[in-house]
Amino acid sequence: YRGGSKVFKKVGQYFSKKTEAKLIWNKITLHLDNLTKMLDRNPGIVVATLDYLSNFHNSLSSPVLVQEDKSDFISETTIRDGLTQLYLKSVFNFALEKELEKSFRSKNNLSLLMIDIDDFKQVNDNYGHLEGDIALKTIGELINENVRKMDTAARYGGEELAIIVPESKPKEAVLLAQRIRKKISEIKFSGFSVTVSIGVCHSSLDIKSTNDIIDRADKALYEAKQSGKNRVVVYKRTQ
């Protein structure tokens, strides 16, 4: 079963609740990412689905098959934002929880970058939503080109983006943030340019949940906006 020409059609039939089905699908797509990193190649959604349902969820029985090219399209459009090609917020939430748990076990550093496009409303107001969409699409492409395979870059909402950076030194995550900020500021759109503000939070012993690390990265982002925009600010405890 290595040809990868077919894939399971009715994964959802095993899960009665919509929320459970969505959770299982997110786990399968992230399992595909893990397999890709381990094998240094993309084995396809077929192998990831078969492996996860057979060996991790133990729920596979009498699968119905469809063409893999159709399933790959479904996979990509289900987990990525259609405009930016960054992961959806639902995937981000699941990935952050997974990476934070891994960080607890391994004691390796985990960093979170929260990114906001400065004065993006003015872009839409002055140049139109089509130009705004072009800017978002271009920024999404740039981010995807600059992150590692193990990183998770997502569209968190509107013009706010996020990058999960596992297993890296804090200074490396900050350098990534600075590189992305600088490259975005150098893009020339039709009559305008944009900048981004970035808040960075590194894992620490007092971070116990995904809400903790998101809240701190958001506070650093707010500080970056308040102190002049187009800059990177790292969260620092005040007490």
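**Exercise 1. Determine where the charged end of K89 sits, and find the other such contact, that of R80.**

Solution. The charged end of K89 sits over the ring of Y156, 4.4 Å from its centre. The criterion is that NZ of Lys or CZ of Arg is within 6 Å of the ring centre and within 35 degrees of the ring normal. The charged end of R80 meets that criterion over the ring of Y87, at 4.2 Å from the ring centre. The model is predicted: local features need pLDDT of at least 70, side-chain atom pairs count only at pLDDT 80 or more, and totals for chains, interfaces and linings use all residues. Residues are numbered from 1 along each chain as its sequence is written, and side-chain values use heavy atoms, with hydrogens and water left out.

**Exercise 2. Classify the ring pair of F92 and Y156 and locate both residues.**

Solution. Rings of Phe, Tyr and Trp (its six-membered ring) pair if their centres lie within 6.5 Å; planes under 30 degrees apart count as stacked, over 60 as edge-to-face and the rest as tilted. By this rule there are 3 aromatic pairs. For F92 and Y156, the centres are 5.3 Å apart and the planes stand at 85°, so the pair is edge-to-face. F92 belongs to helix α4 and Y156 to strand β4, so the pair ties together parts 64 residues apart in sequence. Helices (H or I, at least four residues) and strands (E, at least two) are DSSP runs, numbered from the N terminus. Next, accessibility: buried means under 20% relative accessible area, exposed over 50%, partly exposed in between (1.4 Å probe, protein chains only). F92, at 0%, counts as buried, and Y156, at 16%, counts as buried too. Elsewhere, ring pairs link Y127, F189 and F192 into a cluster.

**Exercise 3. Describe the surroundings of strand β3.**

Solution. In β3 (residues 110-117), 8 of the 8 residues are buried, so the strand is largely enclosed by the rest of the structure. L110, L112, M114 and D116 point one way, whereas S111, L113, I115 and I117 point the other way. Strands pair if DSSP finds at least two bridges between them. With β5 (residues 160-166), β3 pairs in the antiparallel sense over 7 bridges; there, I164 is the bridge partner of L112. With β6 (residues 196-202), β3 likewise forms an antiparallel pairing over 7 bridges, and V200 stands opposite L113.
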